[in-house]
Every structure is written in C-alpha cells, then in structure tokens.
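Work through the exercises below with the sequence and the coordinates side by side, trying each task before reading its solution.

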Amino acid sequence: MKLLTTFLFFLSVFAVQAQQMRLVVAQDGSGDYVCIQAAVDAVRAFPLERVEIYIRNGVYREKIVVPSWKTSISFIGESKDNTIIRWDDYSGKGDINTFTSYTLLVQGNDFRAKNITFENTAGPVGQAVALHVEADRCVFENCRIIGNQDTLYAGVDNSRQYYKDCYIEGTTDFIFGPATAVFDNCTIHCKKNSYITAASTPQGQEYGFVFLNCTITASDEAPNVYLGRPWRSYAKTVFINTTLGDHIRPEGWHNWNKPEAQKTTLYAEYKSKGPGASPKTRVAWSKQLTAREAKQYKAEQVLSQGDGWKINGE
C-alpha cells in the first residue's frame, strides 16, 4: 500500500510538471492567464524543459519583456492574423528611446515564437520598435512583424536569430542591428522610399543579415528603396535567391554618406530575381557572389557558429 501511495504521489507530481510546461493565455478567462506577461512571469527561472505559452486569438495590448533568466520559452499563437501583441511607444515619448520603444523585448535565450503578430502602432513618428531581440538561438516562424521606422531590432553581437516564413514591414532601416540573423522565405514589405536594412555588424563577426529565398515588395508610396545602408562600418548584408520588386533602386545600396564604409562593408547578392534585380547597375563597392561563395550562406551554417546550434532542434 505504501509503495502504491508513493507511486501515485510521484505520478501526480509529474502530471503537474507536465501541465506547467504548457500555459494558456486567453482574454476571456478560459486559460491560465488573461495577459501574456503574467504567463511569462509565472515561468520559473532557467526552466529545466521548454515552456510553451499558448496564446489564443485576441489583440493583447501589452509591452512585454522576456528577461534573461526566462529561457527556453515558446510563444505559440492560435493564428498569426488574429493573435496580435500590440503597443505604441516610440523614441521621444517621455523618456522612451529607440531601444526601449519595443512592444516585445526578448532577452532569454532559446526563445521561439510561431503564428503571432508583433506590432508597434505608434505610426510614422520616428523610431518605434515592434520586436527587439537580444537573446541567442531564437526562432520566429510564420509571424508578422509590423511597424514603421526601426520595426525589428536584431540586437547584440552574440545573438543568432532565425526568421522562417515571416512577414516584416516598415519604412526606414526597419531591419537593423548587430546580430547574425537569417530571413528564410520571408516577405519584406517597404512602405516608404527609404532603406530596408541598417546592419551594425561588429568587426570580425563572420555573418550579419542573410536573406534566403525572400520576396521584397512595396506599397505605391515606395517606388525608390535601397536594400541597405551601413549603420556601422563593418555592416554585412546578403540577399540570395531573392525576388526584388521594381521599387529597388538600380544602385541597390547606400553608404550613409560615409565613403570610408565602402571599404569595410560586405553588401552582396546572388541570383537576385525580378524587376529590381540589376547586377550591372549596382554600386561598385557591392558584390555579386559566386556559386561557391553562396554555399557559405546556408541557414544551418550561418547559425551553427560556435556551438553547432541546429535551428530545427533544441
């Protein structure tokens, strides 16, 4: 009898632990929590297993932080179009600056998100970040990242980020930062005549921003768009097998009025397609990769640097 009681006790403990690995957020009160931050706060520091936070459809007006000690968390939305996290801070609003204007800040390593919209609704008022990621080994799949200037901050130089089947839109420098980030089969939408990327890749870092098999689109208000400009002098941005709309300027790249950066940046393309693909008219200091060079930009190779991280595993 004692043995049976002990067995049932441990079985109940395991059942509770299993239940705690999946938390449900629902605004109507049918889940474990009604707001996302409360679910994040409920996760133990450095959990022993991945914790899934399932978010039911709704517009969640929250400014969310996943701190560095909340690792291995997954946000899983019910649907990318109807599970929306929204806030409206922007640089210059009170004491808010670019780096604190986020809707979601991710600092905990091994974060994953799927089927969610991250949005900054401040409008065209300057820098207003929707998603700020400075953790390592992060994956975003089938997400929408919506804003204007500075929509996505891929932050810190030791961060690796993978965006798969995502939609990202903005105006000026709307994908920016020092991280190693791969955008795989994503749609990048330009809303204004400006610059898509503003990488600040640190000197000596092997990779910066890599776009694989993406599609670059634009609104009617954006007939003249640059692929990128260097926020810092060693910026690295590469487009491979990407379809470019006719809104991409023939020269492709801008030096941010820093002629010296032309000697240190790596701006490159391989087999760009569509009306915006124009290798013969690109600036002389950009590069068209060879087939052998392009092979170095497979997602797994770019993101496995240092520890052999596998983006489809844990």
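**Exercise 1.** Determine which residues are in contact with Phe 75, leaving aside its neighbours within four places in sequence.

*Solution.* Taking contact as heavy atoms within 4.5 Å, one finds Ile 36, Val 40, Ile 53, Ile 55, Val 66, Ile 85, Leu 104, Phe 111, Arg 112, Ala 113, Lys 114 and Ile 116 around Phe 75. Next, place Phe 75 in the largest nonpolar core, which has 59 residues and in which Phe 75, Tyr 163 and Phe 183 touch the most other members. Such a core is a set of buried Ala, Val, Leu, Ile, Met, Phe, Trp, Tyr and Cys residues joined through side-chain atoms within 4.5 Å, where buried means under 20% relative accessible area with a 1.4 Å probe, protein chains only. Apart from this core lies another, of 18 residues, including Val 210 and Trp 309.

The model is predicted, so local features need pLDDT of at least 70 and side-chain atom pairs count only at pLDDT 80 or more, whereas totals for chains, interfaces and linings use all residues. Residues are numbered from 1 along each chain as its sequence is written, and side-chain values use heavy atoms, leaving out hydrogens and water.

**Exercise 2.** Establish how many disulfides the whole structure holds.

*Solution.* With a disulfide defined as a pair of cysteine sulfur atoms within 2.5 Å, the search finds zero. For Cys 166, the nearest cysteine sulfur is that of Cys 186, 4.8 Å away. Cys 166 is buried at 3% relative accessibility, and Cys 186 is buried at 1%.

Notes. Buried < 20%, exposed > 50% of the residue type's maximum accessible area, 1.4 Å probe, protein only.
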